[in-house]
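Visitor: Please pick one part of this model and look at it closely. I would like to know what the side chains there are doing, and where that leads.

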Amino acid sequence: METITRSKIVDVLKSTAFGSTVNVKGWVRTRRGSKQVNFIALNDGSTINNIQIVVDIEKLGEEFLKPITTGACISVNGTLVESQGKGQSAEIQAKEIEIYGSADPATYPLQKKGHSLEFLREIAHLRPRTNTFGAVFRIRHHMAIAIHQFFHERGFFYFHTPIITGSDCEGAGQMFQVTTMNLYDLKKNEEGSIDYKEDFFGKQASLTVSGQLEGELAAMALGAIYTFGPTFRAENSNTPRHLAEFWMIEPEVAFNEIEENMQLAEDFIKYCIQWALDNCKEDIEFLNNMFDKELIERLEFVLKQNFIRLTYTEGIRILEDAVAKGRQFEFPIFWGADLASEHERYLVEEHFKCPVILTDYPKEIKSFYMKQNDDGKTVRAMDVLFPKIGEIIGGSQREEDYDKLARWAQEMGVPTKDIWWYLDTRRFGTAPHSGFGLGFERLLLFVTGMANIRDVIPFPRTPNNAEF
Ligand code: 4AD
Ligand code: MG
């Protein structure tokens, strides 16, 4: 076959160089047609749209074309022509085809149209080849770029925090342990506990639940930083919104108080949503039509809203009022209770009909590092609550006072000997500062309109599931 520089289908579809010879390579979505002429819909992942390859059967031979079935990979040299069909502007009149790899129709799992999302999760190695997951993963890429762009434009530095850690930042004890010890032959010391001095790091180590603590160290030097990396939580919650391995973006800013932290969070989310609408139009339109007819409307709606800001205490009052008027919730509501997703979504979807930033939570239900308010009961926490999602961001102003921080950590049972370095920032040039964490997959749930978090990450890790 003649060697011609490969073009991406996204570019060929936009080209008007009719009459020129082009090469495209990709995977066959369908082949249909008559005894004389066949039409191959070819996709190379560069766009959700396929290019149509028109094949003169007599020229290439019926036998030759046989392995060109759904899922096969081919390279095509042909003439770019103006499309007769509606929709597409360009198609290719095939001159030569090379078959890179066939896909036996008897065993290729993506034969029939309209597979369920549940079935596609079982073939996560092939699901990127569907329109839906091609769209989702292209959007995922664009959101990552948007995030870096947002912070870079504002002078934040991308800071890499460790994946393996010796401290439990959120204090929730949901960590995956990292060890090279032989689990079949675990040596215990006299007290009956494991001697981690024998382990790789000479101490107990785990996968991080958050890069925040190290992020704070960086903010106390570089001023404004963000992390963007994988985080791990062994919480046994099999919900459409929880993963055991998820990606988190955590900005941390010296001298910001909670009001500035809230504004940063609101600006950040809106920037990402606007970016998606500007850069992922075709993919979002596809998802809107396939899964969620209100998706685009909801994205545009959120951009127009000023997020409602209220305290946890005010939120509880609204929820108690709702209960008094007969609204039923699965979990009880009272001051001091941790809000469940149903409560968060009531405030956002039914009461305010707008994203909400809830602040000043009871200190007992939040992490040890949050700045304590003068009332002695609440901390300067902030959660951003979103329609369809519930909590999308969690953050706070940080406690910068050494004594208060150390005392509260102790009372909450946080092993302070593991975080002496964190406490040191409060001893040496401490400063007010704030930050938050955005769950990347929760953002993607919102932007794609997908209903299950397993469908916005390529290879989800959840309880009893680490395939691929
Ligand atoms: O509220 P979280 O636990 O906050 C922190 O980890 C802080 N260290 C953040 C900070 O202040 N720097 O988690 C932050 C966000 C949540 O709002 C949610 O969007 C997401 O991370 N998240 C999860 N996403 C998917 N699966 C899980 N299991 C998640 N747990 C939290
Ligand atoms: Mg949280």
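**Salt bridges, rings and a ligand**

Guide: The side chains of lysine 417 and aspartate 418 come together in a salt bridge, 3.5 Å from N to O. A salt bridge here is a side-chain nitrogen of Lys or Arg within 4 Å of a carboxyl oxygen of Asp or Glu. This is a predicted model, in which local features need pLDDT of at least 70, side-chain atom pairs count only at pLDDT 80 or more, and totals for chains, interfaces and linings use all residues, while side-chain values use heavy atoms, with hydrogens and water left out. Residues are numbered from 1 along each chain as its sequence is written, chains are lettered from A, and ligands are numbered from 1 in the order in which they are written.

Lysine 417 is exposed at 65% relative accessibility, and aspartate 418 is partly exposed at 22%. The cut-offs are under 20% relative accessible area for buried, over 50% for exposed, and partly exposed in between, with a 1.4 Å probe and protein chains only.

The structure holds 21 salt bridges. Another of them joins glutamate 216 and arginine 426, 2.9 Å from N to O. Glutamate 216 is in helix α6 (residues 212–222) and arginine 426 in helix α13 (residues 420–427), so this bridge ties together parts 210 residues apart in sequence. Helices (H or I, at least four residues) and strands (E, at least two) are DSSP runs, numbered from the N terminus. Both glutamate 216 and arginine 426 are buried. They also belong to a network of salt bridges that links Glu216, Glu252, Arg398 and Arg426.

Aspartate 383 and lysine 366 form a salt bridge as well, with 3.1 Å between the closest N and O atoms. This pair links distant parts of the chain, 17 residues apart: aspartate 383 is in strand β14 (residues 378–386), and lysine 366 is in the loop between β13 (356–362) and β14. Aspartate 383 is buried at 3% relative accessible area, and lysine 366 counts as buried at 14%.

Aromatic rings make contacts too, with 22 aromatic pairs in the structure. Rings of Phe, Tyr and Trp (its six-membered ring) pair if their centres lie within 6.5 Å; planes under 30 degrees apart count as stacked, over 60 as edge-to-face, and the rest as tilted. Phenylalanine 228 and tryptophan 247 are an edge-to-face pair, 6.1 Å centre to centre with 90° between the planes. Phenylalanine 228 is buried at 8% relative accessibility, whereas tryptophan 247 is partly exposed at 31%. Phe436 is part of one aromatic cluster, whose members include Phe150, Tyr226 and Trp275.

Phenylalanine 436 also leads to the ligand: one of its polar backbone atoms is 3.4 Å from a nitrogen atom of ligand 1. That is a polar contact, a pair of N or O atoms within 3.5 Å; within protein, one must be able to donate a hydrogen and the other to accept it, and residues adjacent in sequence count only if both atoms are side-chain atoms. Side-chain N or O atoms take part as well: one of glutamine 212 is 2.7 Å from a nitrogen atom of ligand 1, and one of arginine 233 is 2.8 Å from an oxygen atom of the ligand.

In total, 24 residues surround ligand 1, each with a heavy atom within 4 Å of it. Strand β15 (390–397) supplies the largest share of this shell, five residues.
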